[in-house]
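I opened the notebook with two things to look up: the metal site and the aromatic contacts. Here is the entry.

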Amino acid sequence: MKAKTEKSTPSASHGKKSVKSSKESLEDIFEDLLKDIYWAEKHLTKALPKMAKAAFSDELREAFETHLEQTHRHIGRLEECFELLEKKAVAKKCEAMEGLIKEGEESIEDHDAGHARDAGLIASAQKVEHYEISAYGTLRTMATVLGKAQCAQLLEETKDEEAETDAKLTELAQRINQQAAEFVGEEA
Ligand SMILES: [Fe+2]
Ligand SMILES: [Fe+2]
């Protein structure tokens with residue numbers, strides 16, 4: 001973590017540390033959040049192929065494969081953002097994304113392939129999408145207020161794709177959960 005926000009008492013500016021303006025602090029937070037989602041997206045490019053492989057439903061597998069292609073574009077847009085900011089593209093470990101992916105992997109290991117495991121896979125994938133939608137929404141808003149319109153546009157495009165993926169997964173979940181429930185019913 002970077003230095004915490006300085007408490008700006010009138011005397012603080014006479015100390016050794018330079019006091020950052022609120023806007024400068026917001027820029028720092030924006031950059032940190034960009035690094036976080038950059039790591040998260042890169043991590044996802046490793047997780048999505050595993051999720052696709054674990055999917056029992058062809059439709060779900062295709063949805064994961066499509067989202068993997070989109071995820072590569074998300075990474076590209078983030079790199080464009082770093083370039084626009086004249087900053088090096090640096091990934092900073094996102095503990096939240098690591099945890100979400102880990103939980104998803106555990107769910108795959110704990111269950112046999114089938115409709116029910118697919119329902120669990122979708123649950124994990126939607127948590128990831130919601131994290132991303134939230135992250136990109138925040139970043140887009142920050143970019144806008146910081147006067148970085150081109151970045152804001154790129155972040156908005158990705159946010160929209162995440163939301164489309166989430167909607168697609170909801171649609172699949174409705175069918176797949178039903179199939180899972182019916183299958184259990186037949187066996188009972
Ligand atoms: Fe993404
Ligand atoms: Fe995503």
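I looked at the two metals first. The iron ion (ligand 1) and the iron ion (ligand 2) sit 3.4 Å apart. Glu 132 coordinates both. I note that this is a predicted model.

Next I listed the donors of the iron ion (ligand 1). They are Glu 41 (OE), entered twice, His 74 (ND1), Glu 132 (OE) and Glu 162 (OE). The distances run from 2.1 to 2.4 Å. Along the chain, I read the donor spacing of the iron ion (ligand 1) as E-x32-H-x57-E-x29-E.

I then placed two of these donors on the fold. His 74 lies in helix α2 (residues 58-84), and Glu 132 lies in helix α4 (residues 115-145). The pair therefore ties together parts that are 58 residues apart in sequence. Are His 74 and Glu 132 buried or exposed? I found both of them buried.

I moved on to the rings. How many aromatic pairs does a search of the whole structure find? It finds one. Tyr 38 and Phe 82 form that pair, and I logged it as edge-to-face. The centres are 5.5 Å apart, with 65° between the planes. The angle is over 60 degrees, so the edge-to-face label applies.

I checked where the rings sit. Tyr 38 is in helix α1 (residues 22-54) and Phe 82 is in helix α2, so this pair links parts that are 44 residues apart in sequence.

Last, I looked up accessibility. Tyr 38 has 4% relative accessibility and counts as buried. Phe 82 has 0% and counts as buried too. The cut-off for buried is under 20%.

Notes. Residues are numbered from 1 along each chain as its sequence is written. Chains are lettered from A and ligands numbered from 1 in the order in which they are written. This is a predicted model: local features need pLDDT of at least 70, side-chain atom pairs count only at pLDDT 80 or more; totals for chains, interfaces and linings use all residues. Side-chain values use heavy atoms; hydrogens and water are left out. Donors are N, O and S atoms within 2.8 Å of the metal (3.2 Å for Na, K and Ca); water is not among the atoms, so sites may look incomplete. Helices (H or I, at least four residues) and strands (E, at least two) are DSSP runs, numbered from the N terminus. Buried means under 20% relative accessible area, exposed over 50%, partly exposed in between (1.4 Å probe, protein chains only). Rings of Phe, Tyr and Trp (its six-membered ring) pair if their centres lie within 6.5 Å; planes under 30 degrees apart count as stacked, over 60 as edge-to-face and the rest as tilted.
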